[in-house]
Amino acid sequence: EKSQAPPLGCFSLASPSPPMLAFASSPLSFSAPALARPAAALRGAASMGLAPPVEKSQALPFAERPAKLDGTLVGDVGFDPLGLSNILPIEWMREAELKHGRVCMLAVVGYIVVDKGLRAPGAEKLVAATSSFTAHDAAVQSGHMWALLLACGLFEIVGAGAIASTLNGGERKPGEFALTGGFDRDAAKLERFKLAEIKHSRLAMMAFSGLVTQDALSHGATGFPYF
């Protein structure tokens with residue numbers, strides 16, 4: 001009587017071949033469908049009265065996609081490992097993300113150009129020998145920080161009304177202040193610019209954190225390029 005070979009991907013002590021395929025083919029064949037859940041499959045399951053399959057996060061394929069990160073926001077890849085979208089309004093967090101990202105994009109450029117010698121009008125003599133690392137204390141001592149505080153305060157006051165409109169169900173989307181530069185005439189181009197902005201914002205937040213940390217390790221003595 002002829003013996004039958006064990007099926008592919010199964011572990012058998014009697015099999016003369018090593019069971020490597022059992023550890024490779026089985027996980028791959030199981031996890032591949034979980035990583036790609038077409039929208040048609042989700043709609044089909046809902047129409048048949050079945051519970052839709054769990055959709056995975058694009059950023060974290062091993063985790064479930066947060067319920068509120070449904071892809072409606074530009075640049076949404078389902079990244080929320082701390083579950084903050086279940087605690088705070090998603091519009092509030094996108095507003096904060098864009099605001100911090102825009103500030104950091106300006107901050108990275110400003111930090112570098114100050115270390116390369118550029119000074120604000122009227123501050124050339126007072127902070128001529130100041131580096132970006134020591135600029136805060138120098139601006140406080142010279143009084144220039146008051147002008148910066150006033151400017152930032154005005155921006156915050158103006159923006160508060162717009163943010164309140166968004167949180168109260170208005171038509172305004174997070175981060176929008178009608179400053180499109182004419183790019184809103186082409187909807188497709190505007191969407192590309194929005195995606196580019198959020199990607200650059202996230203990169204700038206990480207870059208500024210690393211830049212300042214690296215500069216602080218030498219107490220501002222290294223200077224550009226900070227290594």
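**Group meeting: a first look at an all-helix chain**

Let me begin with the surface, where the protein chain exposes about 16,300 Å², of which carbon and sulfur atoms supply 67%. I should say at once that this is a predicted model, and that every value I mention is computed from it. Of the 227 residues in the protein chain, 22% count as buried. As for its elements, the protein chain has six helices and zero strands, so that, read from the N terminus, the order is simply α-α-α-α-α-α. If we take the contacts between residues at least 6 apart in sequence, 42% of them join residues at least 24 apart.

Let me turn now to helix 5, which covers residues 144–167. How far apart should the ends of helix 5 be, given its 24 residues? At 1.5 Å a residue the helix should span 34 Å, and because its end C-alpha atoms lie 35 Å apart, the expectation and the model agree. There is nevertheless a bend of about 30° in helix 5, and it is found at Gly-159. That glycine is also one of the buried residues of helix 5, together with Ala-162, Ile-163 and Thr-166. An α-helix has 3.6 residues a turn, so residues three or four places apart point the same way. Which helix do the buried residues of helix 5 pack against? Their partner is helix 3, residues 90–115. After helix 5 comes Gly-169, and its phi is positive, near 90°.

Helix 6, our next element, runs over residues 187–217. With 31 residues at 1.5 Å each, helix 6 should span 45 Å, and its end C-alpha atoms are indeed 45 Å apart, which agrees. The buried residues here are Leu-190, Ile-198, Ser-201, Ala-204, Leu-211 and Asp-215, a list in which you will notice Ser-201 and Asp-215 alongside leucines. The buried residues of helix 6 pack against helix 3, and helix 3 is likewise what the buried residues of helix 5 pack against.

Finally, let us return to the surface, where Leu-82, Leu-84, Ile-87, Leu-88, Trp-92 and Leu-167 form a nonpolar patch with about 610 Å² of accessible area together. Among these residues, Leu-84 sits in the loop between helix 2, residues 39–47, and helix 3. Is Leu-84 buried, exposed or partly exposed? Its relative accessibility is 36%, and because the partly exposed class lies between 20% and 50%, Leu-84 counts as partly exposed.

Conventions
Residues numbered from 1 in each chain as written. Predicted model: local features only at pLDDT ≥ 70, side-chain atom pairs only at ≥ 80, totals over all residues. Heavy atoms only, no water. Helix = DSSP H or I, 4+ residues; strand = E, 2+ residues; numbered from the N terminus. Expected span 1.5 Å × (residues − 1). Bend = angle between axes of the 7 residues up to and from the residue. Buried < 20%, exposed > 50% of the residue type's maximum accessible area, 1.4 Å probe, protein only. Contact = heavy atoms within 4.5 Å. Patch = residues over 30% accessible without salt bridge, like charges linked within 9 Å, V, L, I, M, F, W, Y side chains within 5 Å. Areas by Shrake-Rupley, 256 points an atom, 1.4 Å probe, with all protein chains shown as cover. Salt bridge = Lys/Arg side-chain N within 4 Å of Asp/Glu carboxyl O.
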